[in-house]
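Look at the chain below and follow its path from one end to the other. The text after it goes from the chain as a whole to its cysteines.

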Amino acid sequence: LLGIHEVYRFEKQKGVADGFFKIGNLAVLYDCTLREGFEEDKRHQIENYCNTLKSGNIDLEAKTVNVVNCEKQVWIITRGATRLLKKVDDIEVKEVSVDKLIELYTLRLKDNVDEKGLIDVLRSL
């Protein structure tokens, strides 16, 4: 609904990201949690997500997506605040509030935000 055309959901398995999307030059592995204080619980998973992005390829069921020359981010989507958790080499690990995503959806409904504008907003979350 946000206007991201390449979104992939992974089979639900413990320790695996919930999904992946790529829009323009931005590649994001994301994981959703309702847990507060998730940082320690998800420490190993976040490391795995970063390593997956560093590998340069995201393996999906039907294809492999090359992310070598992309800006890479890991999002932990929560009910908390949107903030940068840390940087792992060139990968930003962020907590992204579901409320912020709803705000973005509302913005897309109200305003004529083109794909470049959407990429800029997603990148800056």
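Of the 125 residues in this protein chain, 42% count as buried. The model is a predicted one, and the values given here are computed from it. About 7,400 Å² of the protein chain is exposed, and 49% of that area is supplied by carbon and sulfur atoms.

The protein chain has eight strands and four helices. Read from the N terminus, the order of these elements is β-β-β-α-α-β-β-β-β-β-α-α. The radius of gyration of the protein chain is 14 Å, close to the 14 Å that the globule rule gives for 125 residues, so the chain is as compact as a globular protein of that length. Along the principal axes, the C-alpha atoms fill a box of roughly 40 × 35 × 30 Å.

Contacts add to this picture. Among contacts in the protein chain with a separation of 6 or more, 48% are between residues 24 or more positions apart. As for charge, the protein chain carries 20 positive and 22 negative charges, and the mean positions of the two groups are 0 Å apart.

How many disulfides does the model have? The count is zero. A disulfide needs two cysteine sulfur atoms within 2.5 Å. For cysteine 32, the closest cysteine sulfur belongs to cysteine 50 and lies 16 Å away, which is too far for a bond. Cysteine 50 is in no disulfide either, since the nearest cysteine sulfur, that of cysteine 70, is 15 Å away.

Are cysteine 32 and cysteine 50 buried or exposed? Cysteine 32 is partly exposed, at 39% relative accessibility. Cysteine 50 is buried, with a relative accessible area of 1%.

Note on methods: Residues numbered from 1 in each chain as written. Predicted model: local features only at pLDDT ≥ 70, side-chain atom pairs only at ≥ 80, totals over all residues. Heavy atoms only, no water. Buried < 20%, exposed > 50% of the residue type's maximum accessible area, 1.4 Å probe, protein only. Helix = DSSP H or I, 4+ residues; strand = E, 2+ residues; numbered from the N terminus. Rg over C-alpha atoms; globule rule 2.2 N^0.38 Å. Contact = heavy atoms within 4.5 Å. Areas by Shrake-Rupley, 256 points an atom, 1.4 Å probe, with all protein chains shown as cover. Lys, Arg positive; Asp, Glu negative; His and termini not counted. Charge placed at Lys NZ, Arg CZ, Asp CG, Glu CD.
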